[in-house]
Amino acid sequence: MLNIENYIGGELVRPASGEYLDNFDPSTGEVYSLIADSDDRDVHLAVEAATAAFPAWSSTSAEARHDILMRLVALIERDLETLALAESVDQGKPVSLARAVDIPRAVANFKFYATAAMHTANESHDSIGQNAINYTLRQPVGVVGCISPWNLPLYLFTWKIAPAIAAGCTVVAKPSEVTPMTAYLLSRLCIEAGLPAGVLNIVHGLGPKVGSAIVAHKDVKAISFTGGTKTGEEIARVAAPMFKKLSLELGGKNPNIIFADCNYEEMLATTVRSSFSNQGEICLCGSRIFVERPLYDRFKSDFVAQVSALKIGDPLDPDTDVGAIASQQHFDKIMSYIDLAKAEGGTILTGGHKSEPPASAGGREHSASDADSQGSAEPPARAGGSDLNGWFIEPTVIEGLPHDCRTNQEEIFGPVVTIMPFDTENEVLTYANSVRYGLSATVWTENLSRAHRMAAKLESGIVWINCWLLRDLRTPFGGVKDSGVGREGGFEALRFFTEEKNVCVKL
Ligand code: NAD
């Protein structure tokens with residue numbers, strides 16, 4: 001069975017403990033590879049390697065950094081299909097999504113920041129009257145920690161790593177222990193691309209062991225974290241007294257607000273997607289759907305019909321709409337929220353159950369023989385003919401719940417949405433803003449003035465008008481309230497990974 005090893009100082013290495021954790025295929029519920037069970041000793045080695053690499057990397061020209069990152073881009077593009085299959089098996093997501101979104105986005109992340117670093121400039125201030133000139137340097141902060149979740153594994157991992165490396169920092173990174181495979185494959189591509197040793201170090205293992213050791217390490221100057229709000233709180237508690245720079249992208253409970261004057265067909269198709277893409281496991285999915293009363297019954301009937309027709313299936317089947325839930329633990333959490341919704345008086349309009357095992361589309365045979373090799377070898381995949389007895393949940397639509405019940409206030413992060421009618425703008429704003437979170441919101445209306453009023457008053461970092469998940473990497477990305485602190489994206493991320501230094505010269 002393949003061992004997912006750490007990538008430290010430019011090499012694939014065993015964890016200090018010599019121990020490995022099970023890595024599950026969520027479609028079958030079976031172990032299909034093993035993950036390095038690392039601890040603070042491995043983190044220490046990774047920080048040492050990153051510290052040693054920092055002087056040379058931070059003084060490498062932006063153009064040279066660009067060239068190396070673009071070599072990595074070419075290799076990810078070459079291996080796009082392998083990486084998409086690996087992501088689908090490891091995470092449970094439909095392979096069509098991994099092919100169209102996850103892996104292309106990893107490519108885009110590296111491309112975007114490789115080139116952005118060549119377009120950054122320092123400011124200067126001509127202090128007329130004082131006979132002086134001030135100039136402001138932006139210098140890479142040093143060794144940084146990047147910690148990412150399991151829902152969009154390579155997509156979010158590279159969203160942090162790419163700007164950090166492009167800015168001249170060296171990195172100790174930790175992917176989620178639930179979905180480590182594509183980060184491991186990336187480490188092999190980094191070796192092939194000739195990324196200098198120690199610039200990127202990847203330490204695998206459990207959050208409370210590896211993640212917390214990265215956060216607590218005195219030589220790690222900044223932490224870029226994406227994950228749950230509770231984990232974010234813990235990270236802030238440790239890192240804030242050490243005066244580390246912190247970027248926290250946390251949970252959400254996003255409203256999807258539908259006015260009766262919307263473009264109905266476009267709204268309906270997009271709302272199915274924004275509710276159930278990636279089994280609802282995208283931090284930007286809308287999970288509370290508010291519908292203006294005149295449209296409510298029509299929407300309810302069409303939405304339920306379309307959701308019931310979604311194909312739950314083998315993630316490796318290109319026709320699958322809804323794949324497997326990433327882990328047993330997360331499956332149990334989602335099912336407990338469906339029980340809670342019923343206990344709170346909700347009516348299940350469709351779904352609500354563990355799904356019957358779908359038919360297997362067949363798999364690729366295991367090819368773990370080259371487990372320790374470096375380069376573009378195939379990762380292990382599910383063996384053809386395996387039973388899909390893993391963690392599948394029917395897409396679920398619930399009505400009849402008030403906006404302030406627990407089902408409508410707490411993050412479920414699965415294929416579960418509620419629908420609720422409303423009468424006025426002010427009423428729906430109160431409902432939408434009633435949660436502790438504030439990541440994203442969607443508004444459907446053809447009335448531009450209303451759209452603008454809503455966007456101004458919604459408590460969230462991102463508002464989509466008549467669309468969803470339309471991303472331009474130049475725009476700031478992040479949440480307000482308990483959805484996080486700081487912004488990623490565009491030049492914001494390069495600013496995060498650099499520190500300003502003002503130099504005043506008396507002429
Ligand atoms: P999580 O917080 O459990 O884990 C995220 C990462 O943190 C993992 O790598 C984990 O190993 C690590 N970790 C766990 N405990 C740690 C600790 N004490 N110190 C340091 N690191 C630790 O989150 P998850 O379950 O992997 O992901 C789901 C959550 O992520 C949801 O709440 C979702 O909304 C959120 N999310 C947010 C965004 C965003 O951009 N705001 C994007 C995707 C996911």
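Partly exposed here means a relative accessible area between the buried limit, under 20%, and the exposed limit, over 50%. Glu410, at 24% relative accessibility, therefore counts as partly exposed. With that settled, here's a quick tour of this predicted model: the ligand site, the salt bridges, a few loop residues and a surface patch.

**Ligand site**

- The ligand has 30 residues around it, and the closest are Ser148, Glu177, Thr231, Leu250 and Glu411.
- Sorted by class, that shell holds 13 nonpolar, 12 polar and five charged residues.
- On the side-chain front, an N or O atom of Glu177 sits 2.6 Å from an oxygen atom of the ligand.
- Backbone atoms join in too: a polar backbone atom of Ser148 is 2.8 Å from a ligand oxygen, and a backbone N or O atom of Gly227 is 3.3 Å from an oxygen atom of the ligand.
- Taken alone, the ligand would expose 850 Å², and the protein buries 89% of that.
- Three elements give two or more residues to the shell: α7 (207-216), β11 (222-226) and α8 (229-239).
- Of the elements, α7 gives the most, with four residues.

**Salt bridges**

- Searching the whole structure turns up 23 salt bridges.
- Arg406 pairs with Glu410, and their closest N and O atoms are 2.7 Å apart. Like its partner, which is partly exposed at 24%, Arg406 is partly exposed, at 43% relative accessible area.
- Glu425 pairs with Arg453, with 2.8 Å between the closest N and O atoms. Glu425 is in helix α13 (residues 425-432) and Arg453 in helix α14, so this bridge ties together parts that are 28 residues apart in sequence. Arg453 is partly exposed, with a relative accessible area of 35%.
- There's also a network: Arg78, Asp79 and Glu192 are joined by salt bridges that share partners.
- Lys93 and Asp102 form a salt bridge as well, their closest N and O atoms being 2.8 Å apart. Both of these residues are buried.

**Buried threonines in loops**

- Thr320 belongs to the loop between α10 (293-308) and α11 (328-343). Its relative accessible area is 3%, so Thr320 counts as buried.
- A polar side-chain atom of Thr320 lies 2.7 Å from the backbone oxygen of Asp314.
- Thr445 is found in the loop between β19 (440-444) and α14 (448-457). At a relative accessible area of 2%, Thr445 is buried.
- Thr445 and Asp261 are 184 residues apart in sequence, yet their C-alpha atoms are 5.6 Å apart in space.

**Phenylalanines with positive phi**

- Phe243 has a phi near 55 degrees, a positive value in a residue other than glycine. Look for Phe243 in the loop between α8 and β12 (245-249); with 74% relative accessibility, this residue counts as exposed.
- Phe413 has a phi near 65 degrees, again positive in a residue other than glycine. Phe413 sits in the loop between α12 (406-409) and β17 (416-422), and with a relative accessible area of 16%, Phe413 is buried.

**Surface patch**

- Tyr135, Val505 and Leu507 make a nonpolar surface patch of about 260 Å².
- Leu507 is in the segment after β23 (498-506). Its relative accessible area is 59%, so Leu507 is exposed.

Technical notes
Residues are numbered from 1 along each chain as its sequence is written. This is a predicted model: local features need pLDDT of at least 70, side-chain atom pairs count only at pLDDT 80 or more; totals for chains, interfaces and linings use all residues. Side-chain values use heavy atoms; hydrogens and water are left out. Patches are made of residues with over 30% relative accessible area and no salt bridge: like charges are joined within 9 Å, nonpolar side chains (Val, Leu, Ile, Met, Phe, Trp, Tyr) within 5 Å. Accessible areas come from the Shrake-Rupley method with a 1.4 Å probe; for residues, only the protein chains shown count as cover. A salt bridge is a side-chain nitrogen of Lys or Arg within 4 Å of a carboxyl oxygen of Asp or Glu. Buried means under 20% relative accessible area, exposed over 50%, partly exposed in between (1.4 Å probe, protein chains only). A residue is near a molecule or strand if one of its heavy atoms lies within 4 Å of it. A polar contact is a pair of N or O atoms within 3.5 Å; within protein, one must be able to donate a hydrogen and the other to accept it, and residues adjacent in sequence count only if both atoms are side-chain atoms. Ala, Val, Leu, Ile, Met, Phe, Trp, Tyr, Cys and Pro count as nonpolar, Asp, Glu, Lys and Arg as charged, and the others, Gly among them, as polar.
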